[in-house]
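User: I would like to learn how to read cysteines, strands and nonpolar cores in a model. Could we begin with the cysteines?

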Amino acid sequence: MAEILAALRSLMSSHDPPLHALVVPSEDYHQSEYVSARDKRREFVSGFTGSAGLALITMNEALLWTDGRYFLQATQELTGEWKLMRMLEDPAVDVWMANNLPNDAAIGVDPWCVSIDTAQRWERAFAKKQQKLVQTSTNLVDKVWKNRPPAETYPVTVQQIEFAGSSVVEKLKELREKLTNEKARGIIITTLDEVAWLYNIRGTDVPYCPVVHAFAIVTTNAAFLYVDKRKVSSEVISFLKESGVEVRDYDAVSSDVVLLQSNQLNPPADVQGSDLIWADPNSCSYALYSKLNSDKVLLQQSPLALAKAIKNPVELDGLKKAHIRDGAAIVQYIVWLDKQMQEIYGASGYFLEGEATKEKKHSGTVKLTEVTVSDKLESFRASKEHFRGLSFPTISSVGPNAAIMHYSPQSETCAEMDPNSIYLCDSGAQYQDGTTDITRTFHFGKPSAHEKACYTAVLKGHIALGNAVFPNGTCGHTLDILARLPLWKYGLDYRHGTGHGVGSYLNVHEGPQSISFKPRNVPIHASMTATDEPGYYEDGNFGIRLENVLVVTDANTKFNFGDKGYMSFEHITWAPYQIKMINLKSLTPEEIDWLNAYHSRCRDILAPYLDETELAWLKKATEPASA
């Protein structure tokens, strides 16, 4: 790390103008949460592997900002040259730079890797001391990254109408109506899942996310896809052409944005009083924005964000079917793991409480690790119809590792399974008809009274949110408290959001909706998805999280105050909760009724996908509970 920092500081000194600081964001040219190996610049310079964070390098300091999900992980991964800055606890990066860098300081950033909104916020903070944000012409990290992975040329595929539910022509028609309504003659689309959704294409350019590195420009009478043409077969080109989409080189987006600004992009748009170019300030790069006349830019959330988040009937049907197959894989995995833990470690198992033997039951038996068991889970999923891969790296975590919210086990360093410790497994898959995300927490030995109390509080919050009924127009921020109240009663909490949208064979984290303590003024709409995932984490001891995917539906309420209409949630994730981890006496009769009804549906829905042994296990796991 010291050599990398020294090389970067040398480039900063020789830059014109010389840079007092260099910002290295996590994001790629499309502001993606998950990025390809060659775009992991922040990880390269800092050694921190979490998906969210920002590095700042000055001439004598190196600082890393990240959020509460990664505090523990960052302290373990950062070397002595680096200082951890905790978001929402320490000063924000723009505040720190404005207060700690000298007057007239030049702060460098690759403008392709920072959004319009972020860059403008920094510029406002810097103005107080005449500090300046400098757009570097090349990425300085790339200059010192000697073994940077090459660009891959994975093929683009078509997401057929049987899975997409809506054609490209239909989506373009709706998008152009929105352009007309906002008096815009064109829009620049940079977010990878929006490009993929709009043009009904998928790819494998980013691990776990079936997207393509591509931009799109849509005008009132034309549509363009900017992509490495080596990835696009003649069949895909024909499909896009028939849909009214022209394929151009990835790098041509820069020059075409300039032409778009002057309405010289062929064919010219029919203006008719509409002279604005639409750009999403949270996802469009500052590099592209800088090529536009700022007076003629509509800075507003992309209309595709909401359109993509509100699933059509075909997408909803696919998501539900994908979650059923996924639930079967989860149950098969728990059955297998339960048997292995008993046979190898002498564990009392999923159903019984008892101390496990300290030594392996069979000497010479291959040990189970966090990685080997997660590989087994993947094999169960891979046997299911339409499986295309995982939707994120499986968080397979034992004991203290479960307290690291986004822990990613590595085969060389991961822990061995422990029958006397909690095991948290957060995982998901990509199926061509839907994306899944599920978390269950287990104990194959004797959980402590404290672990049970924490699990029960998490479960109560999980049930409360899933059973919520709320008026149209409600934002996720309003609902977040429902999942936290049972924990707050004990003085406990968790440092992550409670829910996020899930894509339709797209990104596992999908906006614009979220259920979080962080305010986001996005109302929840019917046919959106949202996860329900409260948790509790004790550093050095254990972690607990429970997660289902929900679909927002209209609620059949007795009354309709204010004629607003009311909504509720439908669970589409199917896997049992471990009864021995629950203090049933702490559940209300209504909560026990819900648990039993959910388990009954698990049995009925998953039974056709399980063999005789697996079904017998599931029947035992879902027997009616009582206080």
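Analyst: A disulfide is a pair of cysteine sulfur atoms within 2.5 Å. This is a predicted model, in which local features need pLDDT of at least 70, side-chain atom pairs count only at pLDDT 80 or more, and totals for chains, interfaces and linings use all residues. Residues are numbered from 1 along each chain as its sequence is written, and side-chain values use heavy atoms, with hydrogens and water left out.

User: Why is Cys-425 not bonded to Cys-414?

Analyst: The closest cysteine sulfur to that of Cys-425 belongs to Cys-414 and lies 13 Å away, which is too far for a bond. Across the whole structure, the search finds zero disulfides. Cys-284 is likewise in no disulfide, its nearest cysteine sulfur being that of Cys-113, at 13 Å.

User: Is Cys-284 buried or exposed?

Analyst: Buried means under 20% relative accessible area, exposed over 50%, and partly exposed in between, with a 1.4 Å probe and protein chains only. Cys-284 has 1% relative accessibility and therefore counts as buried; Cys-425, at 5%, is buried as well.

User: How should I read strand 1, and which strands does it pair with?

Analyst: Strands (E, at least two residues) and helices (H or I, at least four) are DSSP runs numbered from the N terminus. Two strands pair if DSSP finds at least two bridges between them. Strand 1 (residues 21-25) runs parallel to strand 5 (residues 106-109), joined by two bridges, and antiparallel to strand 2 (residues 54-58), with five bridges. Ala-21 has bridge partners in both: Ile-107 in strand 5 and Thr-58 in strand 2. Five of the five residues of strand 1 are buried, so the strand is largely enclosed by the rest of the structure. One face carries Ala-21, Val-23 and Pro-25, the other Leu-22 and Val-24.

User: Which strands stand at the edges of the open sheet 21-28-27-24?

Analyst: The pairing in this four-stranded sheet is antiparallel. Strands 21 (469-471) and 24 (529-532) are at the edges; each has a single partner strand, so one side of each lacks a neighbour in the sheet. Strand 21 pairs with strand 28 (residues 566-571) over three bridges, where Pro-471 stands opposite Tyr-566.

User: What does the largest nonpolar core contain?

Analyst: A nonpolar core is a set of buried Ala, Val, Leu, Ile, Met, Phe, Trp, Tyr and Cys residues joined through side-chain atoms within 4.5 Å. The largest one here has 85 residues, and those with the most contacts inside it include Leu-337, Leu-368 and Phe-569. Helix 14 (residues 313-345) supplies the largest share, 13 residues. A second, separate core of 42 residues includes Ala-105 and Val-297.
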